[in-house]
Amino acid sequence: MDRERLQSWLEGKRRTWRWNRGDASRYVAVEATNHALRWYRWSHEMEEGGPSDELHQTHAAFRSVGAPTAYDVPPGVLRELTEWLDALDG
């Protein structure tokens, strides 16, 4: 076990944004940590429950090309995520 990596992960900053388009049984999310971004879809349905369509992105890639278009990210989430990353780097 890499204890330094685990400690860094436990102490690292993180935030999650979730949104949906009116379907309470599923949502789309981005989890931001001090290392990277994780984009995914989540379903509460028994047969397809949990995460799917997972994509990992570096902070640099997000700043360079933006959010993956497949996730239809609301403008407010993009603004808050960018501000969160700016504060993290600042």
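The lining of the largest pocket in this predicted model divides into five nonpolar, three polar and six charged residues. There are 14 lining residues, and those lying nearest the centre of the pocket are Arg26, Tyr27, Val28, Arg41 and Trp42. The volume of this pocket comes to about 220 Å³, and strand 2 and strand 3 each supply at least two residues of its lining.

To place the pocket, it helps to turn to the strands themselves. Strand 3 covers residues 36–43 and runs antiparallel to strand 2, the two being joined by seven bridges. One of the pocket-lining residues, Tyr27, has Trp42 of strand 3 as its bridge partner, and Trp42 is likewise among the residues nearest the centre of the pocket. The connection from strand 2 to strand 3 is a hairpin that passes through two residues.

On its other pairing, strand 2 meets strand 1, again in the antiparallel sense, over six bridges. Within this pairing, Trp17 has Val30 of strand 2 as its bridge partner. The hairpin of strand 1 and strand 2 has six residues between the strands, and there Gly22 takes a positive phi near 100°. Strand 2 is largely enclosed by the rest of the structure, because six of its eight residues are buried.

The loop that leads into strand 2 deserves a look of its own. Ser25 sits in the loop between strand 1, residues 14–19, and strand 2, residues 26–33. Is Ser25 buried or exposed? With a relative accessible area of 16%, Ser25 falls under the 20% cut-off and therefore counts as buried. Its side chain makes a polar contact of 2.7 Å with the side chain of Asp23. When neighbours within four places in sequence are left aside, Ser25 is in contact with Trp42, Ser43, His44 and Glu45. Trp42 thus appears in this set of contacts as well as in the bridge to Tyr27.

Stepping back to the whole chain, the secondary structure comes to three helices and four strands, which follow the pattern α-β-β-β-β-α-α when read along the sequence. Along the principal axes, the C-alpha atoms fill a box of roughly 35 × 35 × 15 Å. The chain has 90 residues, of which 31% count as buried. Finally, if one takes the contacts between residues at least 6 apart in sequence, 32% of them join residues at least 24 apart.

Conventions:
Residues are numbered from 1 along each chain as its sequence is written. This is a predicted model: local features need pLDDT of at least 70, side-chain atom pairs count only at pLDDT 80 or more; totals for chains, interfaces and linings use all residues. Side-chain values use heavy atoms; hydrogens and water are left out. Buried means under 20% relative accessible area, exposed over 50%, partly exposed in between (1.4 Å probe, protein chains only). A polar contact is a pair of N or O atoms within 3.5 Å; within protein, one must be able to donate a hydrogen and the other to accept it, and residues adjacent in sequence count only if both atoms are side-chain atoms. Contact means heavy atoms within 4.5 Å. Two strands pair if DSSP finds at least two bridges between them. On a 1 Å grid over the protein atoms alone, a cavity is a set of points where a 1.4 Å probe fits but cannot get out, and a pocket is an open set with protein on both sides within 12 Å along at least five of seven lines; lining residues have an atom within 4 Å of a point. Grid points are joined across faces, edges and corners, and a volume is the space filled by probe spheres set on the points. Ala, Val, Leu, Ile, Met, Phe, Trp, Tyr, Cys and Pro count as nonpolar, Asp, Glu, Lys and Arg as charged, and the others, Gly among them, as polar.
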